[in-house]
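Colleague: I'm new to this one. Could you show it to me and let me ask where the labels come from?

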Amino acid sequence: MEKAAHTLRSATPSDADTLVRLWTSTFNDAYHDLHSPQDINSYCAANYTLAHATGVLTDGEHECVIAGSGDRSTGLLVIKWAPCPVDMDGPSAELKQIYISASAYGTGLGKMLFEKAIAMLVDKNIQWMWLTVSDSNPRAKAFYEKNGFSHYGAGPDLHVGKDVLASSILVRRVK
C-alpha cells in the first residue's frame, strides 16, 4: 500500500464530533471480524458518545491527537495521564488508544502516532507507558510488541455487547 501523507494536530473541544466518528469507525474496522454488528453498535453507543468525547477533550486527564490525510480524519491517539495500576519504578501514563482507519493500515500512520505518544510522555518526564489490549486483537498486540512493549499480566475483561474478551496489560519504558 502506498504511504499517504498524514498530519497530526492536537484535538480541541470543537473536535468532539470528529472524535466520536473516529472512535466508532476505527473500532468497527478493528473488530468487524470478531463481533456482530449489533455488539459493535451497542459498544459504540455506550462508550463513544458526544458527552464522553467532550469529557476526554476537556477534563485535563487526557490528551488527544487527531491524524488526517487530505481533508479526511484517519486516526487518533489518546493518552490518559494516569499511573499504571501496578507499581512501576517511575512515573507512568496510559496509552489509552491508537486507532487508525482500515484505509490507513500499512501506511505508517500507527508508527507516526506511536512516536507522537512517546514524545508527549518524554515532554512530561514520564518514564513508563502502559496499556490494556484485547487478547483478541492480534494486529494491535503485534504492533505494540514490535514497538517495545512487554506483557506485564492479565488485564480486565472487556465487554463488547454480549461478548466478553480477555485482555493483557503491556508496559514499555519510555526513557
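Modeller: Sure, here are some questions and answers about helices, a sheet and one residue; keep in mind that this is a predicted model.

Colleague: Let's start with helix 1 and helix 3. How do you know how they are oriented to each other?

Modeller: Helix 1 covers residues 16–31 and helix 3 covers residues 50–58, and they pack at an angle of about 115°. Angles of 65 to 115 degrees count as roughly perpendicular, so helix 1 is roughly perpendicular to helix 3. Their axes are 8 Å apart, and the crossing is right-handed.

Colleague: Which residues make that contact?

Modeller: From helix 1 you have Ala16, Asp17, Leu19, Val20 and Trp23; from helix 3 come Leu50, His52, Ala53, Thr54, Val56 and Leu57. Sorted by type, that's eight nonpolar, two polar and one charged.

Colleague: On to the sheet. What makes strand 1 and strand 6 edge strands?

Modeller: The sheet is open, with seven strands in the order 1-2-3-4-5-9-6 and mixed pairing. Strand 1 (7–10) and strand 6 each pair on one side only, which makes them the edge strands. From one strand to the next, the twist averages 30°.

Colleague: Why do strand 4 and strand 5 count as paired?

Modeller: Pairing takes at least two bridges. Strand 4 (residues 92–100) and strand 5 (residues 128–134) are joined by three bridges, so they qualify, and they run parallel. For Glu94, the bridge partner in strand 5 is Trp130.

Colleague: What touches the sheet, then?

Modeller: Helix 5 (residues 138–146) packs on it, touching strand 4, strand 5 and strand 9 (167–173). The direction of helix 5 makes about 160° with that of strand 5. Angles over 145 count as roughly antiparallel, so helix 5 is roughly antiparallel to strand 5. Then there's helix 1, which lies across strand 2 (62–69), strand 3 (72–80), strand 4 and strand 5, and runs at about 95° to strand 3.

Colleague: Last one: Ser150. Why is this residue called partly exposed?

Modeller: Buried means under 20% relative accessible area and exposed means over 50%. Ser150 has 42% relative accessibility, which falls in between, so Ser150 counts as partly exposed.

Colleague: Where is Ser150 found, and what does this residue touch?

Modeller: Ser150 is in strand 6 (residues 150–154). Leaving out residues up to four places away in sequence, Ser150 touches Ile169, Leu170 and Val171. As for Ile66, 84 residues away along the chain, its C-alpha atom is 26 Å from that of Ser150.

Technical notes
Residues numbered from 1 in each chain as written. Predicted model: local features only at pLDDT ≥ 70, side-chain atom pairs only at ≥ 80, totals over all residues. Heavy atoms only, no water. Axes fitted to C-alpha atoms, helices over the stretch in contact; angles between N-to-C directions. Helix = DSSP H or I, 4+ residues; strand = E, 2+ residues; numbered from the N terminus. Parallel < 35°, antiparallel > 145°, perpendicular 65-115°, else oblique. Left-handed = near helix turned anticlockwise from the far one by under 90°. Contact = heavy atoms within 4.5 Å. Nonpolar A, V, L, I, M, F, W, Y, C, P; charged D, E, K, R; others polar. Buried < 20%, exposed > 50% of the residue type's maximum accessible area, 1.4 Å probe, protein only.
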